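Here are some notes for a colleague opening this entry for the first time. Please keep the sequence and the structure in view while reading.

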Amino acid sequence: MKSYTITVNGTAYEVTVEETGSVSAPAAAPKAAPKAPAAAPKKAAAPAGAGSVKVAASVPGKVVKIAASVGQAVKAGDSVVILESMKMEIPVVAPQDGTIASIDVAEGASVENGDTLATMN
């Protein structure tokens with residue numbers, strides 16, 4: 001009998017093959033091979049002029065427009081970045097009155113929920 005590990009659609013299965021060439025069924029449910037945890041990508045440090053208030057993505061999507069610029073004064077509710085998600089344009093707004101300290105994304109960039117798009121003072 002020989003044992004092999006076979007991966008199907010990302011799931012590893014332990015199988016045993018008899019010397020005659022026939023495959024024996026596993027005695028128990030297939031065991032998933034232990035996977036090494038993926039290393040989390042490191043976030044870039046905030047730019048030196050970054051503000052203390054973060055403007056974060058509320059949905060995963062693509063940046064279609066940067067609506068504010070560094071140094072621009074904004075009021076709570078003003079659009080800072082426009083995201084496209086599920087064929088809809090979604091404005092990401094300033095959470096409070098302040099000044100844009102940094103824009104941390106570029107048009108066309110893909111972002112995930114919670115990614116920092118800009119910072120404010």
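The points below go from the whole chain to single residues.

1. The model is predicted. Its protein chain has zero helices and 11 strands. Read from the N terminus, the elements therefore run β-β-β-β-β-β-β-β-β-β-β, where a strand is a DSSP run of at least two residues.

2. The protein chain has 121 residues, and 23% of them are buried. The chain exposes about 8200 Å², with carbon and sulfur atoms supplying 56% of that area. Among the contacts with a separation of 6 or more, 49% are between residues 24 or more positions apart.

3. One open sheet contains four strands in the order 8-7-5-10, and the pairing is antiparallel. Strand 8 (88–93) and strand 10 (110–111) are its edges; each has a single partner strand, so one side of each lacks a neighbour in the sheet.

4. Strand 7 covers residues 79–85. Strand 7 is joined to strand 8 by six bridges, and the two run antiparallel. Two of the facing pairs can be checked by eye: Val81 is opposite Val92 in strand 8, and Ile82 is opposite Pro91 in strand 8.

5. What links strand 7 to strand 8? The two strands form a hairpin, with two residues between them. Met86, in the turn, has a positive phi of about 55°. Lys87, in the loop between the same pair, strand 7 and strand 8, also deserves a look: its phi is positive, about 65°, although Lys87 is not a glycine. Lys87 counts as exposed because its relative accessibility is 82%, and the cut-off for exposed is over 50%.

6. Is Ser85 buried or exposed? Ser85 is buried, because its relative accessible area is 12% and the limit for buried is under 20%. Ser85 lies in strand 7. Its side chain reaches the backbone oxygen of Pro60 at 2.9 Å. Leaving aside residues up to four places away in sequence, Ser85 touches Val59, Pro60, Gly61 and Ile90.

7. The largest nonpolar core has 17 residues. Which of them touch the most other members? They are Val80, Val81, Leu83, Val111, Leu117 and Met120. Strand 4 (53–56), strand 7 and strand 11 (116–120) each contribute at least two residues to this core. As background, nonpolar side chains tend to be buried together in soluble globular proteins.

8. Ala73 is in strand 6 (residues 73–74). With a relative accessible area of 61%, Ala73 is exposed. Ala73 touches Gly98 and Thr99, not counting residues up to four places away in sequence. The C-alpha atoms of Ala73 and Met120 are separated by 9.3 Å, and these two residues are 47 residues apart along the chain.

9. Asn9 lies in the loop between strand 1 (2–8) and strand 2 (11–17). Its phi is positive, about 50°, although Asn9 is not a glycine. Asn9 is exposed, with a relative accessible area of 79%.

Notes. Residues numbered from 1 in each chain as written. Predicted model: local features only at pLDDT ≥ 70, side-chain atom pairs only at ≥ 80, totals over all residues. Heavy atoms only, no water. Buried < 20%, exposed > 50% of the residue type's maximum accessible area, 1.4 Å probe, protein only. Polar contact = N/O pair within 3.5 Å; in protein donor to acceptor, adjacent residues only side chain to side chain. Contact = heavy atoms within 4.5 Å. Core = buried A, V, L, I, M, F, W, Y, C linked by side-chain atoms within 4.5 Å. Areas by Shrake-Rupley, 256 points an atom, 1.4 Å probe, with all protein chains shown as cover. Pairing = 2+ DSSP bridges.
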